[in-house]
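Let's take a walk through this protein together. Keep the 3D view open and turn it as you read.

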Amino acid sequence: MPPTFQKPKRRVNCVFIHCSASDNPEHDSAATMDRWHRERGWSGIGYHYFIRKDGTIEAGRDIEKVPAAQRGNNVGSIAICLHGLDAEKFSQEQFDALSSLCDQINRAYRAQVTFHGHCEVSNKTCPVFDYVGVLGLIDGRMAITVAEGALQDRYAAPDKTPVAPGSLTNMRLRAGDRGADVEMLQRELMSLGYRPGKLDGIFGSLTRAAVLAFQADNDLATDGIVGPVTLEAFDFASKRQVAPERAKASLLTLATSGSRIARGSLANGIAGLALSGGGVIALVQELTGAVDDVNGIVGPLQGVLSEHGPVVGGAVIAIGLFIAWQSARTGKARLEDHRNAKTL
Ligand SMILES: [Zn+2]
């Protein structure tokens with residue numbers, strides 16, 4: 001069994017494959033590599049893993065340490081060496097072990113690492129064998145294969161998200177685009193609390209406005225174009241939060257900030273209750289939903305009441321009650337819209 005790969009704390013973005021440049025069975029061990037590398041004056045074996053002809057994976061240099069394996073390209077890498085020199089003499093067991101180890105690494109980094117041969121950064125032929133074919137690399141990337149059915153719940157199992165090489169980087173949606181991808185985008189925006197308009201698969205001005213708002217909320221470049229960065233942000237973004245001062249707004253704050261509807265409903269409601277002799281405090285609580293606001297309402301309330309003056313008579317009281325009820329309803333609806341950001 002190969003050792004279980006554990007992500008090191010240091011940053012890693014690539015993996016390099018090497019060969020030991022020997023087919024001598026006496027050299028088929030991490031210990032030999034360690035000796036050779038010490039003889040070169042290094043602190044020990046330069047590779048993190050050594051794969052023997054029989055497919056055994058031996059641990060080499062501490063994975064937390066930068067390897068000494070590809071001059072000028074050691075930082076950010078993991079180095080793996082297979083014992084062998086002649087391309088024909090590498091064993092299937094070695095290839096299976098390499099595939100399994102690289103698959104572990106690839107999954108640990110959610111396919112965000114690239115795989116290379118030493119020859120890509122030097123004039124050597126190392127690792128001699130067809131590592132691209134063995135690992136099935138496309139542009140240095142290894143595909144993550146998933147079991148059938150695992151696709152269905154990508155949110156529940158993000159680590160199993162298959163990443164087809166290049167597919168993420170090619171997608172780019174912008175105003176004017178149409179199709180299933182745009183509809184998916186609209187659904188994604190809506191599920192996060194944005195308003196992209198009709199879910200019609202047309203990237204129109206409302207969808208663009210929603211994208212811009214999403215980008216602004218998530219500290220992304222606000223270009224209205226949905227590229228790989230914005231797409232990735234969807235996976236980590238939380239549902240849109242309505243600004244706290246908006247969510248806390250009361251009818252009174254709306255009225256004092258210039259909403260005529262709120263002002264009217266507040267005035268009528270207070271007048272109505274005042275007329276009917278009902279408790280003003282009760283109305284304030286009803287309209288603001290907060291007892292704390294009562295203290296702050298006394299000033300404006302006196303103004304509203306003085307506008308309406310004292311009225312007497314049974315009919316007027318009845319009308320007042322009706323107005324109070326009606327006003328409280330419109331006021332509440334308006335408040336609801338404001339709190340839910342349906343209005344500006
Ligand atoms: Zn090499």
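Start with who touches whom: among contacts in the chain with a separation of 6 or more, 62% link residues that are 24 or more positions apart. Keep in mind that you're looking at a predicted model. The chain has 344 residues, and 29% of them count as buried. Its secondary structure adds up to 13 helices and five strands.

Now find the strands. Five of them make an open sheet, and if you read across it the order is 3-2-4-1-5, with mixed pairing. At the edges sit strand 3 and strand 5 (114-117), each pairing on one side only. From one strand to the next, the twist averages 25°. What holds neighbours like these together? Strands of a sheet pair through backbone hydrogen bonds, and they can do so parallel or antiparallel. For a parallel example, look at strand 1 (residues 14-19) and strand 4, which pair over six bridges. One residue to pick out is Cys14, whose bridge partner in strand 4 is Ser77.

Next, the helices around the sheet. Which residues of helix 1 (residues 30-39) are buried? They are Ala30, Met33 and Asp34. Looking down the axis of helix 1, you'd see these buried residues fall within an arc of 105°, so they line one face of the helix. They pack against strand 2 (49-51), strand 3 (57-59) and strand 4 (77-82). Just after helix 1 comes Gly41, with a positive phi of about 95°.

Finally, helix 2 (residues 92-108) lies across strands 1, 2, 3, 4 and 5. Relative to strand 4, helix 2 runs at about 170°.

How values were computed. Residues numbered from 1 in each chain as written. Predicted model: local features only at pLDDT ≥ 70, side-chain atom pairs only at ≥ 80, totals over all residues. Helix = DSSP H or I, 4+ residues; strand = E, 2+ residues; numbered from the N terminus. Buried ≥ 20, exposed ≤ 12 C-beta atoms within 10 Å, placed from the backbone. Contact = placed C-beta atoms within 7 Å. Arc of directions from axis to C-beta. Pairing = 2+ DSSP bridges. Axes fitted to C-alpha atoms, helices over the stretch in contact; angles between N-to-C directions.
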